[in-house]
Amino acid sequence: QRSLELLAPELPGNVVVIAPGLPLEREPWKRINRSLFSGRLKPSWLWLVVWLWRKNPHLTLWGHVSAAVTASWLLHPWHRRYAVLVHGQDILSEMARPGRRWLVKRALKKAEWVGVNSDFTADVVSSLGIRRWKIIPSHPAVNPVMPVSGTPVEPPRIITVCRLVARKNVD
């Protein structure tokens, strides 16, 4: 949410966000309140192919790797530009699903650029054959940054905010 607030003024034209949920008090973009998660029989993102064809946005920015990115990938031969923000757990879970590794690889290769949130994620994306010049790291930080005050604790304590997954070695 905060990243989009900072990014929206830098994007050309109007920004449209497709996401379920309640809007903020004043969003500087238009919101389409709709889920993009697929059902078993009919993918709920199919309407996006027609919508993106008609709207022909300057750039479609996907906030996660998901089946919905397929809509932009299908339209890429007609010069519909898109970019994807990738998070480690998202790409790992998508690639673990049958048939998705093939789709994720092709969709990311056709993207204008791929934003990643860590060096680990950059390595995963690169391992799919995505060229390093297309991968843009953007390490999220706590906002606002607050200085630490008081007496140091022996030994120092480190606090992390993350998903509890084995590869992060957080016990």
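1. Surface and model status. The protein chain exposes about 12400 Å². Carbon and sulfur atoms supply 58% of that area. Please keep in mind that this is a predicted model. Of the 171 residues in the protein chain, 29% count as buried.

2. Overall layout. The protein chain has 6 helices and 6 strands. Read from the N terminus, the elements run α-β-β-α-β-α-β-α-α-β-α-β. Take the contacts in the protein chain between residues at least 6 apart in sequence: 42% of them join residues at least 24 apart.

3. Helix α5, buried side. Which residues of α5 are buried? They are Arg-100, Leu-103, Val-104, Ala-107 and Leu-108. These residues cover an arc of only 120° around the axis, so they sit on the same side of α5. Their packing partners are α3 (69-75), β4 (82-86), α4 (88-96), β5 (114-116) and α6 (119-127). That list holds helices and strands alike.

4. Arg-100. This residue deserves its own point. Arg-100 belongs to helix α5, which spans residues 100-110. Is Arg-100 buried or exposed? Its relative accessibility is 15%, and the cut-off for buried is under 20%, so Arg-100 counts as buried. Leaving aside residues up to four places away in sequence, Arg-100 touches Ala-67 and Glu-94.

5. Aromatic pairs, α2. The count comes to 3 aromatic pairs. One of them is Trp-47 with Trp-51: the ring centres are 6.3 Å apart and the planes stand at 70°, so the pair is edge-to-face. Both residues lie in helix α2 (residues 47-55). They are 4 residues apart, which means a separation of about one helical turn. Their burial classes need care. Trp-47 is buried, with a relative accessible area of 19%. Trp-51 has 21% relative accessibility and counts as partly exposed. The cut-off of 20% falls between these two values, so the labels differ.

6. Aromatic pair between α3 and α5. The rings of Trp-73 and Trp-102 have centres 5.8 Å apart and planes at 85°, so this pair is edge-to-face too. Trp-73 lies in helix α3 and Trp-102 in helix α5, so the pair ties together parts that are 29 residues apart in sequence. Trp-102 counts as partly exposed, at 46% relative accessibility. Trp-102 is not among the buried residues of α5. Those buried residues do pack against α3, among other elements.

7. Charge over a ring. Where does the charged end of Arg-80 sit? It sits over the ring of Trp-53, 4.2 Å from the ring centre.

8. Backbone, Asn-56. Most residues other than glycine have a negative phi. Asn-56 is not a glycine, yet its phi is positive, about 45°. Asn-56 lies in the loop between α2 and β3 (60-62). At 42% relative accessibility, Asn-56 counts as partly exposed.

9. Backbone, His-79. His-79 also has a positive phi, about 65°, although it is not a glycine. The residue is found in the loop between α3 and β4. Is His-79 buried or exposed? With a relative accessible area of 69%, His-79 is exposed.

Technical notes:
Residues are numbered from 1 along each chain as its sequence is written. This is a predicted model: local features need pLDDT of at least 70, side-chain atom pairs count only at pLDDT 80 or more; totals for chains, interfaces and linings use all residues. Side-chain values use heavy atoms; hydrogens and water are left out. Helices (H or I, at least four residues) and strands (E, at least two) are DSSP runs, numbered from the N terminus. Buried means under 20% relative accessible area, exposed over 50%, partly exposed in between (1.4 Å probe, protein chains only). Contact means heavy atoms within 4.5 Å. Accessible areas come from the Shrake-Rupley method with a 1.4 Å probe; for residues, only the protein chains shown count as cover. The arc is that of the directions from the helix axis to the C-beta atoms. Rings of Phe, Tyr and Trp (its six-membered ring) pair if their centres lie within 6.5 Å; planes under 30 degrees apart count as stacked, over 60 as edge-to-face and the rest as tilted. A charge sits over a ring if NZ of Lys or CZ of Arg is within 6 Å of the ring centre and within 35 degrees of the ring normal.
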